[in-house]
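Visitor: I'm new to this one. Could you walk me through it and tell me how you know what you say?

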Amino acid sequence: MRPLPEFARMILRRASLLCLVAVLAVSAQSRRNGKHSPVSRAPGSVRIDVVESSDDLQESLREKPSIQFSRSQPSNLTIRLDESRTYQQIDGFGASITDSSAWLLSHKLTATQRNAVLKQLFDTKQGIGLAILRQPMGSSDFSLADYSYDDMPPGESDPQLKHFTIDRDRQYIIPVLREALAVNPKLKIIASPWSPPGWMKTSGSMIGGTLLPSSFTPLARYFVRFVQSYEAAGVPVFAITPQNEPRNIPADYPGMGMTAADQTVFIREHLGPAFRDAHLKTKIMAFDHNWDLIDFPDKILSDPRAAEFSAGTATHCYGGGPEAQTKLHDHFPTKGIWLTECSGGEWQKGNLLVAQADLIIETTRNWGQSVVLWNLALDQNHAPHLGGCTDCRGVVTIDHSKSPATVTPTVDFTALAHASNFVAPGALRIDSIASEESPLKHVAFRNSDGSIAMLVLNPAATPLTFNIAWQGQYATYELPPGAVVTLHWRPESRAHS
């Protein structure tokens, strides 16, 4: 189990990041010294490490006394794990270092604070091991200004991309990304444009419009140049999506409409061949929009030539439900599915931990290879932003209303950590089935090192006791109402009496 700090006190006190890292170091050292809570164990049994968070975050990522497997089966609801039945491979969990997030990290924190928060977020031993970043290509609704990588004066165009440059990103986005990659070199970057340059569109602007027929080939070149330029700058790109939310055309921030038919043609005849000819290994993920519009990627992947260039589908959570991913998987079982955006915000009421943990559990139970939230960092006013969402929540909040600024993890940090800290990239989801009807939500994974991680959520108003059945052994745990727990064990971790 990766070491975890006592975040609850930090959240309540809105402690500075330096204090948080000090707590983290003490916690990690105590675990290295073997100072776990005492528990009576049968000789030779497998120890299960337990980390729990409560509905009000009074206990956030709190390490509980470990439990153990035995041969006896108490008469409780039982969740059975079957490692012989495996599903999708997990690429990881994460968020987006938007222009706004990068600006806050770069301009509102000291270098020491920024290094500490990046370790807290991305380090696989000292932090929670986030493994995926979804990066806007140019401006989004969370930017300080409208921009693309080939802006031209009104009425002018640049189909040969002679003015293409990523210099705007070199100011602070790429430096922050490189710092994050220095902490976790295996980070996967997924890039998505909210809008191509205005001259490529019917609107002549980053706002509104659709892609001009004459711009299909220049836009494909634009993607190639972006991937090559980012790689040359030390930021390799794992995947791209052709367009963020192609069925949404916002009125007050960059966006562009794109039909399934147009995206099929773009991938099949322009983007896919351009990547092939440039020998790029970057994946192409279709769609990048809500679950309730799943017929869109269905049409793209039904075209054999477009499907040949598509690794699969990127989804968002703002409409429909994650079961749409299973429908898509059943149609195209060899294609991947990645949830690439889902923001929390002030519109959410009630138990936020339940909502965010449920998102992770249900997305991965429905073939999701990733769960990526939206802004990695926002300030105390849910800003900076250009338009659109005025009350979105970041994974951490950077409060710069005082000096020095403070960094506070939000409920999204807690929910992500319950997965990212225990489910490593490359893990396989394994079968987990409850013996009877129950409000408990659960999902289980086997890491490449053989360790098992299981997330269980109790959305009910009363405590629930359940058994874990694994390899003919049983362990029992009582989960408080509105709480989530991660249970983690290694088959070789035999306890001693």
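Visitor: What makes cysteine 317 and cysteine 342 a disulfide?
Guide: This is a predicted model, and in it the sulfur atoms of cysteine 317 and cysteine 342 are 2.0 Å apart. The cut-off for a disulfide is within 2.5 Å, so the pair counts as one. The structure holds two disulfides, and this pair is one of them.

Visitor: Which hand does the link of cysteine 317 and cysteine 342 have?
Guide: The link is right-handed, with 85° about the S-S bond.

Visitor: Where in the chain do the two partners sit, cysteine 317 and cysteine 342?
Guide: Cysteine 317 is in the loop between strand S9 (312-316) and helix H11 (323-331). Cysteine 342 is in the loop between strand S10 (336-341) and strand S11 (344-345). They are 25 residues apart, and the pair links distant parts of the chain.

Visitor: Let's turn to helices. Why is H4 called oblique to H6?
Guide: The axes of helix H4 (residues 111-122) and helix H6 (residues 173-183) cross at roughly 55° and come within 9 Å. Roughly perpendicular covers 65 to 115 degrees and roughly parallel means under 35, so an angle of roughly 55° makes H4 oblique to H6. H4 passes H6 in a right-handed crossing.

Visitor: Which residues make the contact between H4 and H6?
Guide: From H4 come Arg114, Leu118, Lys119 and Phe122, and from H6 come Val176, Glu179, Ala180 and Val183. Sorted by class, that contact has five nonpolar, three charged and no polar residues.

Visitor: How do you know which class a residue such as Glu179 of H6 goes into?
Guide: Glu counts as charged, along with Asp, Lys and Arg, so Glu179 is placed among the charged residues of the contact.

Visitor: What about H12 and H13, at what angle do they cross?
Guide: The axes of helix H12 (residues 352-365) and helix H13 (residues 411-420) cross at roughly 40° and come within 9 Å. This crossing is right-handed too. Leu352, Leu353, Gln356, Ala357 and Ile360 of H12 meet Val411, Asp412, Thr414, Ala415, Leu416 and Ala419 of H13. By class, the contact has eight nonpolar, two polar and one charged residues.

Visitor: Now the strands. What makes S2 and S21 the edge strands of their sheet?
Guide: Nine strands form this open sheet, in the order S2-S1-S22-S19-S18-S17-S3-S20-S21, with mixed pairing. Strand S2 (62-68) and strand S21 (473-479) each pair on one side only, and they are the edge strands. Neighbouring strands here are turned by 25° against each other on average, direction ignored.

Visitor: How do you know that S3 and S17 are paired?
Guide: Pairing takes at least two bridges, and six join strand S3 (residues 77-89) to strand S17 (residues 428-434), so they count as paired. The two run antiparallel. Isoleucine 79 stands opposite alanine 434 in S17, and leucine 81 has serine 432 as its bridge partner there.

Visitor: What makes S17 and strand S18 (residues 441-446) a pair?
Guide: Three bridges join them, and the cut-off is at least two, so they pair, in the antiparallel sense. A hairpin joins S17 to S18 through six residues, and isoleucine 430 stands opposite alanine 444 in S18.

Visitor: Where does H13 lie against the strands?
Guide: H13 lies across S1, S19 and S22, and runs at about 165° to S1. Over 145 degrees counts as roughly antiparallel, so H13 is roughly antiparallel to S1.

Visitor: Why do S13 and S16 stand at the edges of the other sheet?
Guide: Three strands form this open sheet, in the order S13-S15-S16, and the pairing is mixed. Strand S13 (377-379) and strand S16 (406-409) each have a single partner strand, so one side of each is left without a neighbour in the sheet. Helix H3 (residues 99-107) lies across S13 and S15, at about 75° to S13. Roughly perpendicular means 65 to 115 degrees, so H3 is roughly perpendicular to S13.

Visitor: Last one: what is the peptide bond from serine 403 to proline 404, cis or trans?
Guide: That bond is cis, with omega near 0°. Proline 404 is in the loop between S15 and S16. The bond from alanine 383 to proline 384 is also cis, with omega near 0°.

Key. Residues are numbered from 1 along each chain as its sequence is written. This is a predicted model: local features need pLDDT of at least 70, side-chain atom pairs count only at pLDDT 80 or more; totals for chains, interfaces and linings use all residues. Side-chain values use heavy atoms; hydrogens and water are left out. Axes are lines fitted to C-alpha atoms, for helices over the stretch in contact, and angles run from 0 to 180 degrees between N-to-C directions. Helices (H or I, at least four residues) and strands (E, at least two) are DSSP runs, numbered from the N terminus. A crossing is left-handed if the near helix is turned anticlockwise from the far one by less than a right angle, and right-handed if clockwise. Contact means heavy atoms within 4.5 Å.
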